Amino acid sequence: MEKNEPHPHPSWIEIDEGQFRKNIRAVRKRIGQVLFCLPVKANAYGHGLIEIGKIAIEEGVDYLGVSCLKEGIYLRKAKIQAPIVVFGAIHEDQIENLIRFNLEFSISSKFKAEIVKEVCGRLKEKCSVHLEVDTGMQRTGVRPETALSLLSYLRENPCFEIKGVYSHLATADCREDAFTEFQIDTFSYLREKVGAGEYLWHLANSGGVLHYPRSYFDMVRPGLLCYGYLPSGEKDSEIKPCFSLKSKISYFKAVASDKGVSYGHLYRTKEPTRLVTIPIGYGDGYLRAFSNKAPVLIREQRYVVSGAVCMDQFMVDIGKSTAYVGDEVTLIGKGGKEEISLWELAKLCQTIPYELLTLFNERLPRKYIKFSCAD
Ligand SMILES: *Cc1c(COP(=O)(O)O)cnc(C)c1O
């Protein structure tokens, strides 16, 4: 049995490991010597938490970022020893494990800080924290006006080992955005007041890394960019997607004219034709919204999903063309000279690459391909 594929399955995700490494190197080149935190939350944006975590560390990434305790524990149980920061707001019943698994976490209010202090006291342990400041996302984090007093509180209590101060950008996807400049200014001002040097100050997401060098400070946290997508939808010459979605035709049938296809008969054949069945559906994270819309590649030819996507499969009308059971189908990525981009699919159903990537679930095995064909 192959390591990456415990049980053969007719649909799978392919991760081009070589291209992922290139993306990390390209980002490193861009950011220079500041620390590099790779967000690996939500199963590393669908790319596989543990595998991506390990490759990233090999490539010299300094920190891994996750959203919750559980993701941090998975990384630790996989023997990843790099610093890990948990971004999401913490809950009281998680504090003990955050400490036990050596996970750094956010302090986003005095209220939370007091609870953490109490738990540390009970356990006779210290904890490593990042003070989260809200400079304009209105999500979590203290207001800039109260950041200094909360920082003093953390300093006064020796159970807190303060690692960093951070904030999150709300509108950095585009260049020259006034609100992003405002957030950077607010954060800079706070850093000047506290003094640089003692803590890691971090603010930049992918948009920040791409368009706002002024947002780099001591560490950056680009997620989507490292996985090969620009949040604006533009293309880059070095940074490219490394995620493909593939399947194999599971059935073929000749069908007469004017036959309804799939649930609700949302598609009807226009003439005698050929239908192939693809064994992947919304139960895998291939959206029902792709019904009658999404392109697929079979033998380097583009077709469109015919009728409703079912839970586990969907059909494609291939007209007079030839295709056989077992033929490879590309649903995302390159298939010969043709390519279906994630951005194209995202736009078809009014969403963003982030959402599509994180919907693909564990029913789909992930295969890691060592050598990049992009060379
Ligand atoms: C997800 C996340 C990021 C990465 O955002 P991208 O848009 O993928 O670059 C950075 N910082 C925090 C706190 C996050 O939650």
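1. The largest nonpolar core of this predicted model has 111 residues, and among these members Leu-38 and Tyr-286 touch the most others. Once neighbours within four places in sequence are set aside, the contacts of Tyr-286 include Leu-245, Ile-280, Gly-281, Ala-294, Pro-295 and Val-296, and they extend to Val-305, Val-309, Phe-314, Leu-331 and Phe-360. A second core, separate from the largest one, is made of seven residues, including Tyr-63, Phe-87, Tyr-166 and Met-219. As general background, nonpolar side chains in soluble globular proteins tend to be buried together.

2. Helix α4 spans residues 69-77, and its buried residues are Leu-69, Glu-71, Gly-72, Ile-73, Leu-75 and Arg-76, a list in which the charged residues Glu-71 and Arg-76 appear. The cover over these buried residues includes the helices α2 (41-45), α3 (49-58) and α5 (95-100), together with the strands β3 (63-66) and β4 (84-86). Just after α4 in the chain, Lys-79 adopts a positive phi of about 70°.

3. The largest pocket has a volume of about 680 Å³, and of the 30 residues that line it, Lys-240, Pro-241, Cys-242, Lys-334 and Glu-339 are the closest to its centre. Two or more lining residues come from each of the strands β1 (11-16), β10 (243-248), β18 (328-335) and β19 (338-340), and likewise from the helix α10 (342-348). Sorted by class, the lining of this largest pocket holds 13 nonpolar, seven polar and ten charged residues.

4. The second largest pocket encloses about 550 Å³ of space, and its lining is formed by 26 residues, of which Lys-41, Met-137, Arg-139, His-168 and Asn-205 lie nearest the centre. Helices α2 and α9 (206-211) each supply at least two residues of this lining, and α2 is also among the elements that cover the buried residues of α4. By class, the lining of the second largest pocket divides into twelve nonpolar, nine polar and five charged residues.

5. How many cavities of 30 Å³ or more does the model contain? The count comes to one, and the volume of the largest cavity is about 40 Å³. The residues that line this cavity are Glu-132, Val-133, Asp-134, Thr-135, Met-137, Arg-139, Thr-140, Ser-167 and His-168, and by class they comprise two nonpolar, four polar and three charged residues. Of these cavity-lining residues, Met-137, Arg-139 and His-168 are also named among those nearest the centre of the second largest pocket.

Methods:
Residues are numbered from 1 along each chain as its sequence is written. This is a predicted model: local features need pLDDT of at least 70, side-chain atom pairs count only at pLDDT 80 or more; totals for chains, interfaces and linings use all residues. Side-chain values use heavy atoms; hydrogens and water are left out. A nonpolar core is a set of buried Ala, Val, Leu, Ile, Met, Phe, Trp, Tyr and Cys residues joined through side-chain atoms within 4.5 Å. Buried means under 20% relative accessible area, exposed over 50%, partly exposed in between (1.4 Å probe, protein chains only). Contact means heavy atoms within 4.5 Å. Helices (H or I, at least four residues) and strands (E, at least two) are DSSP runs, numbered from the N terminus. On a 1 Å grid over the protein atoms alone, a cavity is a set of points where a 1.4 Å probe fits but cannot get out, and a pocket is an open set with protein on both sides within 12 Å along at least five of seven lines; lining residues have an atom within 4 Å of a point. Grid points are joined across faces, edges and corners, and a volume is the space filled by probe spheres set on the points.
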